[in-house]
Every structure is written in C-alpha cells, then in structure tokens.
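Colleague: I am new to this structure and would be grateful for a close look at a single part of the model. Please take one packing arrangement and describe what surrounds it.

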Amino acid sequence: MIRYIKRAHVTLHTFSFTETIQIYVMIIFTVAICIIIPIIFYQLWSFVAPGLHAYERQFIYKYSFFCAILFISGVAFAFFIGFPMIINFSENLSHLLSIDQVIGFKAYLGELIRWLLVFGFIFQLPILFMGLAHFGLIDVTQLGRYRKYVYFACFVAASIIAPPDLILNLVLTLPLIILFEISMFIAKITSRKQKGSETEI
C-alpha cells in the first residue's frame with residue numbers, strides 16, 4: 001500500500017522512531033474515514049428520507065450522485081496527474097538550485113491528503129452552479145460575458161495552488177476551465193427548466 005501511495009519517484013524518510021507509527025495511524029484513519037462516511041450518510045438518509053416529498057428525494061438523489069462522481073474525479077485527477085507533477089517540479093527545482101531534497105513521509109502523506117481534498121472540492125464547481133441556477137441566484141447569460149475574466153481567474157487560482165511553473169499551471173488551469181464550461185452548460189439547462197416550471201405554474 002505504501003508503494004502505491006508513493007506516486008512519484010522519491011525517497012521518503014522518517015525522522016523519529018514514533019513517526020512510523022504516526023504514519024501508520026494516519027493511513028488507517030484515512031482509510032477508515034473513507035469507509036465510514038458512506039455508512040454515516042446512508043444512516044442519516046434513512047432517518048431523513050421518510051419525511052421528504054418524492055420530488056425532494058429525487059432532487060437529493062440527483063445532487064448526491066453527481067457530487068460523488070465529481071469528487072472521485074477530482075481525487076483521481078490529483079492522485080494520478082496533479083500531485084505527481086508537483087513532486088516532479090519540486091525535484092527539478094531542487095536539482096536546478098543544487099539542493100539535496102529530503103522529504104519526510106509524514107509531510108508527504110499530509111500534502112497528498114490535502115491535495116486530494118482540494119481537487120475533490122474544486123471539482124464540485126458544476127454542482128455549485130447547478131444549485132445557484134436552480135434557486136435563481138446567478139444569471140448565466142451575464143456570467144458568460146465575463147468568460148475571459150473567469151479564465152484569467154482560473155489561471156491565477158492554478159498559480160496559487162501550484163508552484164510557479166508555466167506548464168504545470170496550464171495543466172492545472174485546463175481542468176478548471178473545463179469545469180467552468182461544464183458548470184455553465186449545466187446552469188443553462190437548470191435555468192431553462194426552472195423558468196419552464198415557473199411558466200407552467
């Protein structure tokens with residue numbers, strides 16, 4: 001399992017006798033959380049669902065499904081593409097500056113978990129747009145006029161969450177832009193359905 005967690009070709013170190021135990025506990029705790037969270041949500045849903053109307057249950061089903069898919073997609077992107085690229089950039093920069101890089105396993109694992117969570121939540125952007133459009137809190141047409149500014153904001157966001165490397169920033173900016181366009185498309189459909197429902201009423 002440790003070999004699979006280490007996505008990049010790096011040598012990891014521990015700096016105390018107890019750190020190995022701490023790393024083991026972190027891994028077990030993270031795996032346990034991933035297993036327990038769906039069970040907790042299922043129990044909560046079993047308690048709440050009987051008191052909801054059919055359309056409310058359908059609404060939650062739809063959003064929950066898309067949330068799970070997008071979160072897993074964000075985690076997969078970070079695990080297989082984003083985080084290894086950041087590690088490689090850090091290694092190349094260390095060689096360029098003639099610095100011997102010593103990476104602690106505990107710090108590596110903490111950074112990996114943080115990046116997985118960051119991209120998991122970033123990939124929730126379409127769901128956020130869908131919810132805002134459903135409740136009429138955003139104007140999709142007006143937001144589309146500021147598309148170039150949103151693209152620039154995506155590049156700035158990628159520069160903040162990633163090291164200042166142009167190629168890496170572009171690689172991280174691209175999924176943000178794609179997410180924005182998908183979010184806009186979903187928001188347009190949601191807005192049309194919402195307006196159609198209001199017209200029928």
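**Helix 4 and its neighbours**

Modeller: The crossing of helix 3 with helix 4 is right-handed. This is a predicted model, and the description below should be read in that light. Two packed helices are described by the angle between their axes and the distance between the axes. For helix 3, which covers residues 54-96, and helix 4, which covers residues 105-122, the angle is about 135° and the axes lie 7 Å apart. Helix 3 is therefore oblique to helix 4, since an angle of this kind falls outside the ranges counted as roughly parallel, antiparallel or perpendicular.

On the side of helix 3, the contact is made by Leu70, Phe71, Gly74, Val75, Phe77, Ala78, Phe79, Phe83, Ile86 and Ile87. Helix 4 contributes Tyr108, Glu111, Leu112, Trp115, Leu116, Leu117, Phe119, Gly120 and Phe121. Sorted by class, the contact of helix 3 with helix 4 holds 16 nonpolar, 2 polar and 1 charged residues.

Helix 4 also packs with helix 2. The axes of helix 2 and helix 4 come within 9 Å and cross at roughly 20°. Because angles under 35 degrees count as roughly parallel, helix 2 and helix 4 are roughly parallel to each other. The crossing of helix 2 and helix 4 is left-handed. Here the residues in contact are Glu19, Gln22, Ile23, Met26, Ile27 and Thr30 from helix 2, together with Phe105, Lys106, Leu109, Gly110 and Ile113 from helix 4. This contact of helix 2 with helix 4 has 6 nonpolar, 3 polar and 2 charged residues.

The wider setting is the nonpolar core. The largest nonpolar core has 38 residues, and Tyr108 and Phe119 are those with the most contacts inside it. Both Tyr108 and Phe119 also belong to the helix 4 side of the contact with helix 3. Elements giving two or more residues to this core are helix 2 (17-48), helix 3, helix 4, helix 5 (125-134), helix 7 (147-161) and helix 8 (166-200). Helix 3 provides the largest share of the core, 9 residues.

One further residue of helix 3 deserves mention, namely asparagine 88. Its relative accessibility is 34%, so asparagine 88 counts as partly exposed. From asparagine 88 to alanine 107 there are 19 residues in sequence and 16 Å in space, C-alpha to C-alpha.

Notes: Residues numbered from 1 in each chain as written. Predicted model: local features only at pLDDT ≥ 70, side-chain atom pairs only at ≥ 80, totals over all residues. Heavy atoms only, no water. Axes fitted to C-alpha atoms, helices over the stretch in contact; angles between N-to-C directions. Helix = DSSP H or I, 4+ residues; strand = E, 2+ residues; numbered from the N terminus. Parallel < 35°, antiparallel > 145°, perpendicular 65-115°, else oblique. Left-handed = near helix turned anticlockwise from the far one by under 90°. Contact = heavy atoms within 4.5 Å. Nonpolar A, V, L, I, M, F, W, Y, C, P; charged D, E, K, R; others polar. Core = buried A, V, L, I, M, F, W, Y, C linked by side-chain atoms within 4.5 Å. Buried < 20%, exposed > 50% of the residue type's maximum accessible area, 1.4 Å probe, protein only.
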